[in-house]
Amino acid sequence: MELRQLRYFVRVAELGSIGRAARELEVVASALSQQISRLESELATRLLVRTPTGVVPTPAGTAFLRQAQLTLRHAENAVAAAREARLSGMVSVGFAPTTASVLARPFYAAMAERYPNVRLHLVEGLSGNLGELLTGRRLDLAVLFQNDSTQGRSAIPVLDERLFLLARRGMVPLADGEPVTIAQLGSLPQAVTSKAHGLRAWVEAAFERAGVEPWIGVEIDGLTTLMDLVQANPLATIQPGAAVARVESGLLSMHPIDDPFLFRRNLVYCINDEELSPAALAARVVLLDVMRALVRNGGWPGATLLDS
């Protein structure tokens with residue numbers, strides 16, 4: 001008895017038609033009928049009977065169907081277990097600091113659950129530096145942004161992140177969550193990233209569109225330090241919603257900015273599929289699943305999924 005024969009019998013019994021099952025299984029109807037006859041001969045019992053509208057299982061066929069379905073499920077589980085067991089080795093994944101603050105923990109947890117034999121190397125850094133590491137084959141995957149260089153890389157667009165004004169409570173004379181305009185921000189000292197960050201270019205472009213000169217209070221290369229200073233001083237900053245993961249609850253107010261172009265697109269990058277190991281390919285699937293689940297479940301503030 002072969003698994004192929006079980007699959008054929010189960011599909012014929014489920015569809016109630018040899019012809020329909022043959023088309024779905026992409027085999028010739030006569031060959032399918034022959035395999036069912038061989039199975040019946042081996043079992044020495046009739047499994048199916050013909051009716052004017054197709055075929056139906058006999059009592060023996062009904063009993064056999066239940067066990068055949070269970071056997072096929074066990075076989076599929078065995079194949080899946082074998083595939084997962086052979087997924088091992090190291091996968092290197094890069095995140096920008098704000099992305100890491102919301103994504104690193106759930107991604108690690110999901111990988112540990114699905115592929116415990118795969119060892120992760122997570123790298124947090126500037127998106128430009130991550131791009132160089134990816135090009136140099138020192139990263140397998142990276143979550144980067146639309147305006148990062150994409151030459152020679154494969155990319156999957158996943159989500160858009162809205163940017164927000166974050167400031168100590170009382171600095172902005174508005175209730176938490178009320179929108180602000182760029183024009184209202186000219187009088188606020190800003191904690192900004194250096195020009196090495198793509199985020200700085202988005203912020204400067206928004207001020208330029210509004211015809212407002214930003215008040216640069218301090219430049220900081222490091223999300224943790226930047227958010228610490230904003231929480232402790234009369235400083236404001238423009239950041240994606242993921243940055244609130246680094247904020248002590250209740251210290252800052254968060255305001256959407258009335259500028260339809262002030263967002264950044266997140267993409268999962270790799271060099272190309274042919275260069276990815278099976279473990280890296282599996283990690284990319286998990287990474288995409290986790291990113292999309294975070295947005296759907298409200299775990300990524302200000303993020304909107306792209307159609308896929």
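At what angle do the axes of helix α1 and helix α2 cross? Roughly 125°, with the two axes coming within 8 Å. Keep in mind that this is a predicted model. Below is a quick tour of how α1 packs against two other helices, plus the domain layout.

**α1 against α2**
- Helix α1 covers residues 3-15, and helix α2 covers residues 18-25.
- An angle between 115 and 145 degrees falls outside the parallel, antiparallel and perpendicular classes, so α1 and α2 end up oblique to each other.
- The crossing of α1 past α2 is right-handed.
- On the α1 side, the contact uses Y8, R11, V12 and L15, and these meet I18, R20, A21, E24 and L25 of α2.
- By type, the residues of this α1 and α2 contact are six nonpolar and three charged, with no polar ones.

**α1 against α3**
- Helix α3 spans residues 29-43, and α1 packs on it at about 110°, the axes sitting 9 Å apart.
- That angle makes α1 roughly perpendicular to α3.
- From α1, the contact draws on R4, Q5, Y8, F9 and V12, while α3 brings L32, Q35, I36, R38, L39 and E42.
- The residues of the α1 and α3 contact split into six nonpolar, two polar and three charged.

**Domains**
- The domain assignment cuts the chain into domain 1 (3-83), domain 2 (89-158 + 264-305) and domain 3 (160-263).
- Taken over C-alpha atoms, the centres of domain 1 and domain 3 are 63 Å apart.

Technical notes:
Residues are numbered from 1 along each chain as its sequence is written. This is a predicted model: local features need pLDDT of at least 70, side-chain atom pairs count only at pLDDT 80 or more; totals for chains, interfaces and linings use all residues. Side-chain values use heavy atoms; hydrogens and water are left out. Axes are lines fitted to C-alpha atoms, for helices over the stretch in contact, and angles run from 0 to 180 degrees between N-to-C directions. Helices (H or I, at least four residues) and strands (E, at least two) are DSSP runs, numbered from the N terminus. Angles under 35 degrees count as roughly parallel, over 145 as roughly antiparallel, 65 to 115 as roughly perpendicular and the rest as oblique. A crossing is left-handed if the near helix is turned anticlockwise from the far one by less than a right angle, and right-handed if clockwise. Contact means heavy atoms within 4.5 Å. Ala, Val, Leu, Ile, Met, Phe, Trp, Tyr, Cys and Pro count as nonpolar, Asp, Glu, Lys and Arg as charged, and the others, Gly among them, as polar. Domain bounds come from an automatic or database domain assignment.
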